[in-house]
Amino acid sequence: DATRNAPLSRFMNGAPFVAAAACSRCLCSLLSPQRATLLAGLSRRSRVQGPQLIAARAVSVGAANQHWSNAVQSGGSSGSDAAPVPSIHAPPSIHDPAKVMRPGDIVDVGTVIRNWWAFPAVGFNSILEIPVQKFEVLHAEQVDRPVGSVVVPNSIFGLPIRKDIIHKVYWWHRRKLAGYCDTMQLYKWEWPGANKKFRTQKKSGKGRMGRRKAPGRFDGVYSHALRPRDWGKTKMNKRVVWKAVKYMLSVKFAQNAIKVVDSFNLQSHKTKHLVQHLRRLLGRRCHSAMLVHEGHLDINDNCRWASAHIPAIRRENVEGVSVYNLLKYHELVITETALAKLIKEIQIYPKKRGWGQRFATPDGKPAPVPEKVAGWNKAWVEKKERLRNSEFRAREFYQESQKWKWSTEIKGPLKVPRSDPMAGFRVKDFLLSPEKPVWEKLESLYADDEPLDEEPEEEEFGELMDTLDAGLRRGEARTSAVIENPEEISKTGLRQLAAALEGGAAGHGQRLPGALKRAAARAEKDTTKDDPE
């Protein structure tokens, strides 16, 4: 930023200008054409003739600098034949207009390096677009021809590069992978044996020697012994790990290290064909890659078999994307389906963890307690005054106290109504289209799908009716033979009726069944028991 607004004569004092000449290409892109041409010529000659040429040209450079400053102040209208002075680009800021950014596009390296903790590499208000490539290309004319593009959210792929958080989460993953170390080493004082001086120090012709258990004398004696330790016991906040994944995806986008493909469905299981497709996508200088797929729809067994023999390739599901894997592998090749699932999982993760807003306010803070309205307890005060001034206060207070009881709950009001008026209330389902009864659902099981096709003939129907009429007449004749007048039965007692039945049966030469006799005798016995007289 200092080189954009400072005068050119600031760099004319010996060594600073020589250093600036080494980066003349960067300066020429920031200066006007006149100053850029002059500065490029001085930088080329300074390497040959040294500072002498710089001192000789100082006057002409100062004049050019003054002319350029006057042109800028006058707005480029110093003369009719003067070329317009181009405007100097302002540094990127949060007020930049929206523009499309693809993987590898960076707004300004200097601004990103100076403000790495707060300024995204893709800038603010950017539309992040990733082209979708076809993974398996069988024809030469389809090479480097994207099949479409996807727009990814800035909240995941357009964040500042927080190297401190990435470093912390990376080593947390490393400790988790280390797990439990069961190495047990002993200190010098833990080995059995005496600590006295092993041999005399004088007149031995050998080096002085103290305890025999000194570190370095025997294998297994250490000054800093290793003890069993659980390296994976280190705790890490889940919110930090969640943010670190988004920061690493932003890093991959800024490094042009993310490729989106249609799918990993290959027609061949040969490893050389998979390598050929990856070289076409990633280039010859790629050392490792991580293939991310969604499940079983965007990958087949051919790709699994072909990638199983390449140690520099790791095939992962969406759940396997972590900071450690993104740092370990240079390129990230992900399918379009897996990218959609990854974005969804990252966005709904706070809801799964319960990190949502606790209070329904714009800033997420508790709402202020509203002020009391005048007369809010007027009815309660009037009720209390009526009870206090009543003639029978004790009875009124007793009746009022019977309406309440002490609550057994830890939270809530101390007193609750003794009888809940809504205890028996049940909500009934009032539906516009009520459900059909159960038997209507089962009608199809018992429906007569195969009715009789042939109707009975008239002769058969007549014979059937004659048979029914004959049976009816036979029953009436049998009844009239036993009972002549039905009215006599209601007027006559059971004993007389039984005697009459026996007599009638004997007179007609018929014999009543034994069951009828036993029923009449049982009825007479019951009548005698109920009415002894």
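Me: What is a salt bridge here?
Reply: A salt bridge is a side-chain nitrogen of Lys or Arg within 4 Å of a carboxyl oxygen of Asp or Glu. Side chains of opposite charge can pair when their charged atoms come close. Note that this model is predicted.

Me: How many salt bridges does that rule give?
Reply: The count comes to 12. One case is D262 with K134, where the N to O distance is 3.7 Å.

Me: Where do D262 and K134 sit along the chain?
Reply: In distant parts, 128 residues apart. D262 is in the loop between β6 (258-261) and α11 (271-282). K134 is in the loop between β2 (126-133) and β3 (148-152).

Me: Now charge without a partner. Which residues form the patch of negative charge on the surface?
Reply: Residues in such a patch have no salt bridge. Here E457, E458, E459, E460, E463, D466 and D469 gather on the surface. D466 belongs to helix α19, residues 458-482.

Me: How much space lies in the largest pocket?
Reply: About 620 Å³. Its lining has 22 residues. Nearest the centre of the pocket lie V241, V245, E319, V321 and S322.

Me: Which helices supply at least two residues of that lining?
Reply: α9 (163-178), α10 (238-254), α13 (323-328) and α14 (336-353) each do. α14 gives the most, with 5 residues.

How values were computed
Residues are numbered from 1 along each chain as its sequence is written. This is a predicted model: local features need pLDDT of at least 70, side-chain atom pairs count only at pLDDT 80 or more; totals for chains, interfaces and linings use all residues. Side-chain values use heavy atoms; hydrogens and water are left out. Patches are made of residues with over 30% relative accessible area and no salt bridge: like charges are joined within 9 Å, nonpolar side chains (Val, Leu, Ile, Met, Phe, Trp, Tyr) within 5 Å. Accessible areas come from the Shrake-Rupley method with a 1.4 Å probe; for residues, only the protein chains shown count as cover. Lys and Arg count as positive and Asp and Glu as negative; His and the chain ends are not counted. The place of a charge is taken as NZ of Lys, CZ of Arg, CG of Asp or CD of Glu. Helices (H or I, at least four residues) and strands (E, at least two) are DSSP runs, numbered from the N terminus. On a 1 Å grid over the protein atoms alone, a cavity is a set of points where a 1.4 Å probe fits but cannot get out, and a pocket is an open set with protein on both sides within 12 Å along at least five of seven lines; lining residues have an atom within 4 Å of a point. Grid points are joined across faces, edges and corners, and a volume is the space filled by probe spheres set on the points.
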